[in-house]
Amino acid sequence: MSDLVDINRLQFQKIFDVHQQKGSIAYTDSLKICSSLKIFPDLLTSQEIRKTFLTLSTNESSVEKLNFLQFESFIKILAKLAFKQCKQTSNDYGLLITHIKEYSQKRYGAVLEIQMPKGRSISKSNLNRSKNTLSTPKNKVKTSFFKPPSEKTLNRTLTSKKSPTKPVVPKIFNTLSLISPALTSLKSQIKTIKTSALTERREGHVSTCSTSPSPNKANLLTRINKAFSDFQISYNKIDTSKIQVKKILQKILIKNQQFNNNSLLKRMAFRIWSLHIL
């Protein structure tokens, strides 16, 4: 992970410089960054980001701020929190960069590296240039393409307990499994009524041509309303809070695997080419 931190330091400095004032950023700025990079609300909630910010911020005159070194640690901790469910790999920092790479380039012009190229090392001159950049004043970065969230949106986000997630039901057969037993029983009774002979005169039958409502019809409507009410209650009990997070995690893992496969193919092609030349 340390190699990824070193090669991406200047790019994260670009992101930091867009929001920094006198070499530090406030919590609202850190939330803007997380929102622009889709860390919030795709991976973490505002409460988790706020808690991480407070553990690292320096409190001077009741003002909570992060300098760039603290901002780097802030990003590392967010990566661990976002991918703590992923037990197959420990490269949580690399997975986070895979997720934010497209957004960082589009909104900040920062091109992040997902993996360290083989045979490449960080030179001392690059490290010295990174340290000198940290001590320089705010760089002039073109931000015409960057549109951070409005203050009204941020205030609404900070006051809300959790970002609402839209329930996702993939296919219709999953919905059928949620139907309550009462509705299933009602469907069988309706089927029995339809298959009965139309000319059969049952006891207590009231003609449908009559203007007065049938007692049986009123009872049937009541039972239908109750069945749909039970269905709605059972549907609301479904926990869908982690569906969106699992989809994003799966997409990131697939993209990371594709990068690894491409790297392997390039090495094999180079090997075949070198053997052909010799």
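Accessible areas here come from the Shrake-Rupley method with a 1.4 Å probe, and for residues only the protein chains shown count as cover. With that in hand, begin with the whole protein: its accessible surface comes to about 19,300 Å², of which 56% belongs to carbon and sulfur atoms. This is a predicted model, in which local features need pLDDT of at least 70 and side-chain atom pairs count only at pLDDT 80 or more, while totals for chains, interfaces and linings use all residues. Residues are numbered from 1 along each chain as its sequence is written, and side-chain values use heavy atoms, with hydrogens and water left out.

**The whole chain**

Switch to a cartoon view and you should find twelve helices and two strands. Helices (H or I, at least four residues) and strands (E, at least two) are DSSP runs, numbered from the N terminus. Followed from the N terminus, the elements run α-α-α-α-β-β-α-α-α-α-α-α-α-α. Of the 278 residues, 28% count as buried; buried means under 20% relative accessible area, exposed over 50%, and partly exposed in between (1.4 Å probe, protein chains only). Next, think about contacts, meaning heavy atoms within 4.5 Å. Among those between residues at least 6 apart in sequence, 73% join residues at least 24 apart.

**Helix H3**

Select residues 27-36, which make up helix H3. Nine of its ten residues are buried, so H3 is largely enclosed by the rest of the structure. Among the buried ones are Tyr-27, Asp-29, Leu-31, Lys-32 and Cys-34. Step just past the end of H3 to Lys-38, which takes a positive phi of about 65°.

**The largest nonpolar core**

Now show side chains for Phe-12, Ile-49, Phe-71, Phe-74, Phe-83 and Leu-96, the residues with the most contacts inside the largest nonpolar core, which has 42 residues. A nonpolar core is a set of buried Ala, Val, Leu, Ile, Met, Phe, Trp, Tyr and Cys residues joined through side-chain atoms within 4.5 Å. Which helix gives the largest share of this core? H5 does, with seven residues. Helices that each supply at least two core residues include H1 (2-7), H2 (9-19), H5 (68-82), H6 (92-108) and H12 (243-277). Try colouring by domain as well: the core draws at least three residues from each of domain 1 (4-108) and domain 2 (242-277), with bounds from an automatic or database domain assignment.

Zoom in on Ile-49. Leaving aside neighbours within four places in sequence, Ile-49 is in contact with Tyr-27, Leu-31, Cys-34, Phe-40, Leu-44, Phe-74 and Leu-78.

**Two buried stops: Ile-75 and Thr-98**

Ile-75 lies in helix H5 and, at 3% relative accessibility, counts as buried. Beyond its neighbours within four places in sequence, Ile-75 is in contact with Phe-12, Tyr-93 and Leu-96. Draw a C-alpha to C-alpha distance from Ile-75 to Phe-12: they are 63 residues apart in sequence and 9.5 Å apart in space.

Move on to Thr-98 in helix H6. Is Thr-98 buried or exposed? At 4% relative accessibility, Thr-98 counts as buried. Its side chain reaches the backbone oxygen of Gly-94 at 2.8 Å. Leaving aside neighbours within four places in sequence, Thr-98 is in contact with Ile-114, Ile-252, Lys-255 and Asn-256.

**Salt bridges**

Side chains of opposite charge can pair when their charged atoms come close. A salt bridge here is a side-chain nitrogen of Lys or Arg within 4 Å of a carboxyl oxygen of Asp or Glu, and by this rule the count comes to four.

Select Glu-64 and Arg-50, whose side chains meet in a salt bridge at 3.3 Å, N to O. This pair links distant parts of the chain: Glu-64 is in strand S2 (residues 63-65) and Arg-50 in helix H4 (residues 46-56), 14 residues apart. Glu-64 is partly exposed at 28% relative accessible area, and Arg-50 is also partly exposed, at 29%.

Next, find Asp-230 and Lys-226, with their closest N and O atoms 3.2 Å apart in a salt bridge. The two are four residues apart in helix H11 (residues 215-236), so about one helical turn separates them. Asp-230 counts as partly exposed at 25% relative accessibility, whereas Lys-226, at 53%, counts as exposed.

Finish with a network: salt bridges that share partners join Asp-6, Arg-9 and Glu-72. Within this network, the side chains of Asp-6 and Arg-9 meet at 3.1 Å, N to O. Asp-6 is partly exposed, with a relative accessible area of 24%, while Arg-9 is buried, at 14%.

Note on methods:
Polar contact = N/O pair within 3.5 Å; in protein donor to acceptor, adjacent residues only side chain to side chain.
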